[in-house]
Amino acid sequence: MSSSLPTRDPDSTIQRILFLSPKVHIYTVPPLTTTKGYTTTNWSPLLAPTASNPTPAPITTRLRVLETSSSTISSSSPISNSNSNSNNEIQTTILLEDPESGDLFAAAPYTSASAVEAVLDSARFFAVRVEGEGGRKAVLGIGFEERSEAIDFGICLQGVRKVMGIDRDAANNGAPIKGERRGVGGAKGPEKVEGKKGNWSLKEGETIKVEIGGMGVKRKEQVEDNGGQDGESALFSIKPPPQNQDTGGMPLLSPPPSANQVKAERRRSRGPTVPEKGSAADLGFDDGEFGEFQ
């Protein structure tokens, strides 16, 4: 499959490479038999002869995501979309090129999210809708050798959709979103919508009453529970001890216990007391004539 790049005016065209992979594998993709999406189960490598090898061999190409900003683009180009005649337009195209000579193998204009679809059973393969000369279309499979390259490719396309406004157009069925303007290449930017401004200032004689957390209600309930007491008595639930007028209003403290009282209290706490030792006569013994117990 071969096609030619569109003719551009070098003075009014700016191109920028958003993504580059030196080597991707190309596969043939059979028609879909389900609405769930593509799987690599029935994919097979695309075989074609090359200049150095006339025997058909699996094709590998270089992949570039090219962003083009131009004021004039040919409408007959295979990578231009329906708005190609407009001025100051941004277009994004996925190019599959020969890794050695740089010749274009296939081009896929990225005008909608369905132009590139990730497969369901692998993170390294994508189904790409390419366009050739005469408006011919086909679906080819591409496979990256490294998972990191496939992730970078998906992030690049996500950024393109954001800039071009593709996701928002799809969500709104292509209709312009209120409050937004369409920019270069279909991109949408914020637009100021001037509305009627209201006057929220207070007029003469108007006041604002603010109640914070129902504090007034709780305070009122406390006063009612205290039986209509004044504020000072209602504030304290326990009244202070009575004051003594003889000491100038200060309450009197009882004197500390004496030493004898402390000892007696200790003896009572220890239990029954043991009688102290006395003389033999006190214990009921007779000293006798010779005073043996003296």
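## A predicted fold with a covered strand at its centre of interest

Across this predicted model, the mean pLDDT of the protein is 74, and 57% of its residues reach 70 or more. Two stretches call for caution as you look around. Over residues 73–86 the pLDDT is below 50, although the model gives this stretch 29 contacts beyond near neighbours in sequence. Residues 176–191 also stay under 50 in pLDDT, and there the model has 36 contacts beyond four places in sequence.

### The overall picture

The protein has five helices and twelve strands. Of its 294 residues, 26% are buried. About 21,700 Å² of the protein is exposed, and carbon and sulfur atoms supply 53% of that area. If you take the contacts between residues at least 6 apart in sequence, 54% join residues at least 24 apart.

### How the strands pair

A good place to begin is strand 1, which covers residues 13–28. Strand 1 runs antiparallel to strand 5 (residues 60–70), and ten bridges join the two. To find this pairing on screen, look for Ser21, which stands opposite Leu63 in strand 5.

Strand 1 also pairs with strand 10 (residues 137–144), again in the antiparallel sense, over five bridges. Here Ile26 has Ile142 of strand 10 as its bridge partner. Strand 2 (residues 44–45) is another antiparallel partner of strand 1, joined to it by two bridges. In that pairing, Tyr27 stands opposite Pro45.

From strand 5 the path continues to strand 6, with nine bridges in the antiparallel sense. Arg64 has Leu95 of strand 6 as its bridge partner. Strand 6 in turn pairs with strand 7 (residues 104–109), antiparallel and over five bridges. Thr93 and Pro109 are bridge partners in this pairing. Six residues lie between the strands of this hairpin, and Gly102 takes a positive phi near 85°.

### Strand 6, covered on both faces

Which residues of strand 6 are buried on each side? One side carries Glu89, Gln91, Thr93, Leu95 and Glu97, the other carries Ile90, Thr92, Ile94 and Leu96, and all of them are buried. In a regular strand, side chains alternate between the two faces of the sheet. Counted along the strand, nine of its nine residues are buried.

Note that one of these covered residues is Glu97, a charged partner in the next section.

### Salt bridges

The count of salt bridges comes to six. Three of them are set out here, with the separation given from N to O.

| Pair | N to O separation |
|---|---|
| Arg64 and Glu97 | 2.7 Å |
| Glu117 and Arg129 | 3.1 Å |
| Arg268 and Glu265 | 2.4 Å |

Arg64 and Glu97 bring distant parts of the chain together: Arg64 is in strand 5 and Glu97 is in strand 6 (residues 89–97), 33 residues apart. Is this pair buried or exposed? Arg64 counts as buried because its relative accessibility is 18%, below the cut-off of 20%. Glu97 is buried too, with a relative accessible area of 3%. The pair also belongs to a network of salt bridges that links Arg62, Arg64 and Glu97.

Glu117 and Arg129 likewise link distant parts of the chain, with Glu117 in strand 8 (residues 116–118) and Arg129 in strand 9 (residues 125–131), twelve residues apart. Glu117 is partly exposed, with a relative accessible area of 23%. Arg129 is partly exposed as well, at 32%.

The setting of Arg268 and Glu265 is a helix: both lie in helix 5 (residues 259–270), three residues apart, which is about one turn of the helix. Arg268 counts as exposed, at 58% relative accessibility, while Glu265 counts as partly exposed, at 46%.

### A nonpolar patch on the surface

Which residues form a nonpolar patch on the surface? They are Leu202, Ile208, Val210 and Ile212, and together they have about 450 Å² of accessible area. To locate the patch, start from Leu202, which lies in the loop between strand 12 (188–190) and helix 3 (215–225). Strand 12 itself falls at residues 188–190, and pLDDT stays under 50 over residues 176–191.

Methods
Residues numbered from 1 in each chain as written. Predicted model: local features only at pLDDT ≥ 70, side-chain atom pairs only at ≥ 80, totals over all residues. Heavy atoms only, no water. Pairing = 2+ DSSP bridges. Helix = DSSP H or I, 4+ residues; strand = E, 2+ residues; numbered from the N terminus. Patch = residues over 30% accessible without salt bridge, like charges linked within 9 Å, V, L, I, M, F, W, Y side chains within 5 Å. Areas by Shrake-Rupley, 256 points an atom, 1.4 Å probe, with all protein chains shown as cover. Salt bridge = Lys/Arg side-chain N within 4 Å of Asp/Glu carboxyl O. pLDDT = per-residue confidence, 0-100. Contact = heavy atoms within 4.5 Å. Buried < 20%, exposed > 50% of the residue type's maximum accessible area, 1.4 Å probe, protein only.
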